[in-house]
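Colleague: Got a minute? I'd like to go through how you justify the labels you put on this model.
Modeller: Sure, pull it up and ask away.

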Amino acid sequence: RNARLDSTTLADDRALQAEANAAAFADARRQADALAQASGQRIVRVLRVQDPGARPFGVAGIESVQDIVVTGSRIQASVPLNVAPPPARIDARLTVVFEIE
């Protein structure tokens, strides 16, 4: 009785994250091309791509954080549950620096 699903996570979201990063980069490139064209310039190369939300792993002086996943796989449900998770959504935010000339 009164079962509810508060949140869901994906066991492996690497493919979705790669797709979101590619879309974010393509958007940054589109914006940079428009600005370069408006100023009579052109994009020469990418100088830096940075994910401002990325957690540092293995950086000197910063300990890596290990995620703990609790599945509840051994718990017997007292009532049958028919729960469908919402569609997965992955956001990506990148800072991209282009060289123009």
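Colleague: What makes Arg-29 and Asp-33 about one helical turn apart?
Modeller: They sit four residues apart in helix 1, so about one helical turn separates them. Bear in mind that this is a predicted model.

Colleague: And why is Arg-29 with Asp-33 called a salt bridge?
Modeller: The cut-off is 4 Å between a side-chain nitrogen of Lys or Arg and a carboxyl oxygen of Asp or Glu. The closest N and O atoms of Arg-29 and Asp-33 are 3.2 Å apart, so the pair qualifies.

Colleague: How do you know whether Asp-33 is buried or exposed?
Modeller: Neither label fits: buried means under 20% and exposed over 50%. Asp-33 comes to 34%, so it counts as partly exposed. Arg-29, at 31%, is partly exposed too.

Colleague: What makes Arg-45 and Glu-99 a pair that ties parts together?
Modeller: Their closest N and O atoms are 2.5 Å apart, which makes them a salt bridge. Arg-45 lies in strand 1 and Glu-99 in strand 2, so the pair links parts 54 residues apart in sequence.

Colleague: Why is Arg-14 called exposed?
Modeller: Arg-14 has 61% relative accessibility, and the label needs over 50%, so it fits. Its salt-bridge partner Asp-12 has 47%, so that one is partly exposed.

Colleague: Which residues make up the largest nonpolar core?
Modeller: Ala-28, Ala-32, Ala-36, Ile-43, Val-96 and Phe-98. Helix 1 gives the largest share, three residues. Ile-43 also touches Arg-29, Asp-33 and Glu-99, among others.

How values were computed:
Residues are numbered from 1 along each chain as its sequence is written. This is a predicted model: local features need pLDDT of at least 70, side-chain atom pairs count only at pLDDT 80 or more; totals for chains, interfaces and linings use all residues. Side-chain values use heavy atoms; hydrogens and water are left out. A nonpolar core is a set of buried Ala, Val, Leu, Ile, Met, Phe, Trp, Tyr and Cys residues joined through side-chain atoms within 4.5 Å. Buried means under 20% relative accessible area, exposed over 50%, partly exposed in between (1.4 Å probe, protein chains only). Helices (H or I, at least four residues) and strands (E, at least two) are DSSP runs, numbered from the N terminus. Contact means heavy atoms within 4.5 Å. Lists of a residue's contacts leave out its neighbours within four places in sequence.
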